[in-house]
Amino acid sequence: MSTAVATTTAARAAKAAAAARTTPRVGPVPVLWLTLLATPLAAGANAPVLILPDMARSLGVSASTATWLVASYAWAMAVGTPLLAGLLRRRGLRAALHLAGALLVGGTLLVAASPWLPLTLAGRATQAAGGAGLAAVAMSLAGSARRMGVISAGFGILGASGPLLGAQLSQAVSWRLSLSVSVIAVLAVPMVSRYATAPAATPTTPATPATPATPQDRFDARGAALLTALATALVLLPHAPAAALGSSALAATLLALHVRRRPDGFVPAALIRRPLFLGSALLALTLSGSYFTLLFSVPRLLAERAGWDAATAGTGQLVALLTGSALSWLLAAASTRMSRAAVRAVLIGVGASAAAIAVFASWGPLLLVATLGGTFAATGSNAVLSMHAASSAPDAQRPTAIGLFALCYQLGGAFGPAIATALVLGA
């Protein structure tokens, strides 16, 4: 009898240990795992900054054509973020993590193997969509401005390291390896998946296959398609202004009509009517666009105005980007003790000063100050204004709010390189 009891006890202990290994942990996900999940996306986005000529020569295209590898990445980040955030809201953490991770790995393999520009563009877009999905998950799980500040500072640091890292990897191995650095984010997927089954800030329960969806709960495919069309047209605006302007106006009109018919769909009417959400998203778009314009312009300006070589410019820009990112975390940490108006005044003041310095300065260190200011304003806006945008939404819509906010921020990443090409790089 005692042997049977001991055997039963041992079996129960083994079963409990197995359950402990497989049962997701409930509670806040450690912010360092969220940072690893989200921030490699920034390194992948900025890796081409210093190697665009090498990429163009390898693919047999002009430098201006090669910038489409940047634009396609920014477009897919912009479109992928709200789409994957919608999946997170409806299907839960695991579905969003697994799909985003698969997209990131698949896109990276395509970039590594494709010999043609169109396939490389497709690979870049796929890996960017996957990375954007992982970033949307991380932002939804952040839960506070301080934790979001750590993630945003990580974005800035990885983004700062991206150009120099991309150049070093390109010189040592291949520019294709430079475009593959974002894949390291998948290392965080298993751990984040174990820690939670739903976003900490959103107590919604993922739909289960056994529960039939009501018409209001079914996926709003038309709304998602119209938002994608609008984002695509806006990304194309710097490249083909006339066609993109007409297309974006048409897509915006159709989306507005659709939102009126389905106010609780993919783009919730109540959310986009809130001044706090709209103000936060539009300000983030402006500061992001200014930052990415500076990111691609300042290396050329340092060479032309100050006579700096590429290595010196790259090192100086890295220091400026790292410093701006670190300072943005201090703003995020202090934002809980500041009014929203004060936070926005700081962001607008620093962002406007950075743009003005870049236009008029010819001294190298002053141009780096412009980079620092642009980084601080954009990274700080991502950390603080994303929390403002999320706070304007009901709990059930917070992933959607963060996804749409990130869409606006990423549109700045699409506009910036094109503006830099038109004003500086193409000169």
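Is G279 buried, exposed or partly exposed? In this predicted model, G279 is partly exposed, because its relative accessible area of 25% falls between the limits of 20% and 50% that bound this class. The residue is located in helix α15, which spans residues 275-306. Although G279 and H388 lie 109 residues apart along the chain, a distance of 9.5 Å separates their C-alpha atoms.

The chain as a whole contains 19 helices and zero strands. Of its 427 residues, 51% are buried. The accessible surface of the chain amounts to about 17,700 Å², and carbon and sulfur atoms contribute 70% of this area. Among contacts with a sequence separation of 6 or more, 83% are formed by residues that are 24 or more positions apart.

Several individual pairs illustrate how positions remote in sequence are placed relative to one another in space. S140 belongs to helix α8 (residues 117-142). With a relative accessibility of 3%, S140 is classed as buried, because the value is under the 20% limit. Its C-alpha atom is 7.5 Å from that of R398, and the two residues are separated by 258 positions in sequence. G80, in helix α6 (residues 68-91), has a relative accessibility of 5% and therefore also counts as buried. Between the C-alpha atoms of G80 and T228 the distance is 8.8 Å, for a sequence separation of 148 residues.

A loop position provides a further case. D264 is situated between α13 (241-261) and α14 (269-272). Its relative accessibility of 52% is over the 50% limit, so D264 counts as exposed. D264 and D220 are 44 residues apart along the chain, and their C-alpha atoms are 9.1 Å apart.

The packing of helices was examined for α2 and α9. Helix α2 comprises residues 31-38 and helix α9 residues 145-172; their axes approach within 9 Å and cross at roughly 35°. The crossing of α2 past α9 is right-handed. On the α2 side, the contact is made by V31, L34, T35 and A38, while α9 contributes R147, V150, I151, G154 and F155. Classified by residue type, this contact consists of six nonpolar residues, two polar residues and one charged residue.

F155 also appears in the surroundings of N382, a residue of helix α18 (residues 364-391). When neighbours within four places in sequence are set aside, N382 is in contact with M139, M148, S152, F155, F405 and Y409. N382 has a relative accessibility of 6% and is therefore counted as buried.

Aromatic pairing was considered last. A pair of aromatic rings is described by the distance of the centres and the angle of the planes. The structure holds one aromatic pair. It is formed by Y291 and F292, whose ring centres are 4.8 Å apart and whose planes lie at 65°; because this angle is over 60 degrees, the pair is edge-to-face. Both partners have relative accessible areas under the 20% limit: Y291 is buried at 6%, and F292 is buried at 11%.

Terms used. Residues are numbered from 1 along each chain as its sequence is written. This is a predicted model: local features need pLDDT of at least 70, side-chain atom pairs count only at pLDDT 80 or more; totals for chains, interfaces and linings use all residues. Side-chain values use heavy atoms; hydrogens and water are left out. Axes are lines fitted to C-alpha atoms, for helices over the stretch in contact, and angles run from 0 to 180 degrees between N-to-C directions. Helices (H or I, at least four residues) and strands (E, at least two) are DSSP runs, numbered from the N terminus. A crossing is left-handed if the near helix is turned anticlockwise from the far one by less than a right angle, and right-handed if clockwise. Contact means heavy atoms within 4.5 Å. Ala, Val, Leu, Ile, Met, Phe, Trp, Tyr, Cys and Pro count as nonpolar, Asp, Glu, Lys and Arg as charged, and the others, Gly among them, as polar. Buried means under 20% relative accessible area, exposed over 50%, partly exposed in between (1.4 Å probe, protein chains only). Rings of Phe, Tyr and Trp (its six-membered ring) pair if their centres lie within 6.5 Å; planes under 30 degrees apart count as stacked, over 60 as edge-to-face and the rest as tilted. Accessible areas come from the Shrake-Rupley method with a 1.4 Å probe; for residues, only the protein chains shown count as cover.
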